[in-house]
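Visitor: I should like to learn how helices are read in a structural model. May we take one together?

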Amino acid sequence: MSSYGRLTVKGSKEFDEKLGKVLDDISLDVKTLISEDLYEAVILIGGYGRGEGGVVKVENREYPHNNFDFIVVSKNITKDEEVLLSDMCKSIFDKHTESLGIFVEFTVISASKLLNIDPLVITYDMKYGHKLIAGNSDCLSKNTNFEVETIPSWDIRNLIVNRGTLLIINDLILEKENLVYKDKKTVIKHWIKAIIGYGDALLFYLGQYHYSYVEKQKRMKALNNIDPKFKALYDKAMEFRFQPNYERYDKFNINKYHQFLKKELTKIHFLCESLALDNVEINSKTYITKAINQSLIDTSTLKGNIKKILFLVKKTPKISGFSFVEDLKYKMLGVKGMMPILFPFIAYGIKGKEFDGIVRDFFQTNNDDKNLKNQYLTYWKNYVNSNFIREDFGI
């Protein structure tokens, strides 16, 4: 076994050793070529960082199925030095991963910024699910703020919405007259991510969240009073994550299965919000006002309060169905903060006189489902994820 221990759940010993050799080579180059004055640590996170990366078999040969995700923690350096550090890391990562066909994603973040970052699901996952490639990972492992108990509820809603947006993209992909293999593969990947994301949120609200995929799979199986149908979906999605099998879906009616999945995930989303907001039903204006109030309370830190004041002077779509106080609170959240709250009405096509006007005014379009989904994705790119390119999906 490599010095990094297991890197996959289903990969052979030889495959893990091959990945470990790539990490050893990256580590050696970082230590040899980059001055220690520039970086605090180079850390592998994501699936392989947890030791639970994916492996796909093609004609009995094993290949990595996930990206290598790194964070590079810089010391107190200048902007020019940060660019130099980023360029050198990219060159080293690309050099050693090209032969295996692994795509690499990485972020450079300063140690001081990492120390002060808000606790989130990702910071908890990184703290406990990483492998040190070079330097010292005290900035993560000794950060007492990155615990599961400190994750705010609004970040869990964001997790659901982040994964649920993939279902909206699937809706539009499946409207194409002819689906090519790439479309079908994308739809399946989105299903898997959505099932795991919704299941993770449910585990969180039930006090069972864990950074490890293997442990989450076990905990979901052990839960009582959860629909066995969803538990089976989560289990299969985890197995897919460890070792994808796209052929399993060849016999599926892709459109019918998508609608079935959305129906099941809608139930999980309703359950999560009910647990988070004390038995509220999503299909009500009460849900909207309660979710806004909770988001404002959850962000009542000094940094969060400054943001709210700044948001007050920013332009937001006028919502005629809000009272003066509701309008004020909505403006304090901003468009980005309001998106996750109105997401279910778009994703699941929830309609009702009580809230149709709010949804329509916010997205500045009529209540036609397709228009709403397209406008939602426009907002998604403008306010939430600037890396989203709808042309990549041919929609």
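Guide: The following turns treat one helix, one of its residues and one pair of helices. This is a predicted model, in which local features need pLDDT of at least 70 and side-chain atom pairs count only at pLDDT 80 or more, while totals for chains, interfaces and linings use all residues. Residues are numbered from 1 along each chain as its sequence is written, and side-chain values use heavy atoms, leaving out hydrogens and water.

Visitor: How many residues has helix α1, and which of them are buried?

Guide: An α-helix has 3.6 residues a turn, so residues three or four places apart point the same way. Helix α1 (a DSSP run of H or I, at least four residues, numbered from the N terminus) has 21 residues, 13-33. Its buried residues (under 20% relative accessible area, 1.4 Å probe, protein chains only) are F15, D16, L19, G20, V22, L23, I26, S27, D29 and V30.

Visitor: With which residues is G20 in contact, leaving aside its neighbours within four places in sequence?

Guide: G20, whose relative accessible area is 0%, is in contact (heavy atoms within 4.5 Å) with S2, Y4 and L7. The C-alpha atoms of G20 and S2 are separated by 5.3 Å, although these residues are 18 apart along the chain.

Visitor: At what angle do α8 and α9 pack?

Guide: Two packed helices are described by the angle between their axes and the distance between the axes. Helix α8 (residues 181-205) and helix α9 (residues 213-222) pack at about 70 degrees, their axes 11 Å apart. They are therefore roughly perpendicular (65 to 115 degrees). G199, D200, L202 and L203 of α8 meet K216, R219 and M220 of α9 in the contact.

Notes:
Helix = DSSP H or I, 4+ residues; strand = E, 2+ residues; numbered from the N terminus. Expected span 1.5 Å × (residues − 1). Buried < 20%, exposed > 50% of the residue type's maximum accessible area, 1.4 Å probe, protein only. Axes fitted to C-alpha atoms, helices over the stretch in contact; angles between N-to-C directions. Parallel < 35°, antiparallel > 145°, perpendicular 65-115°, else oblique.
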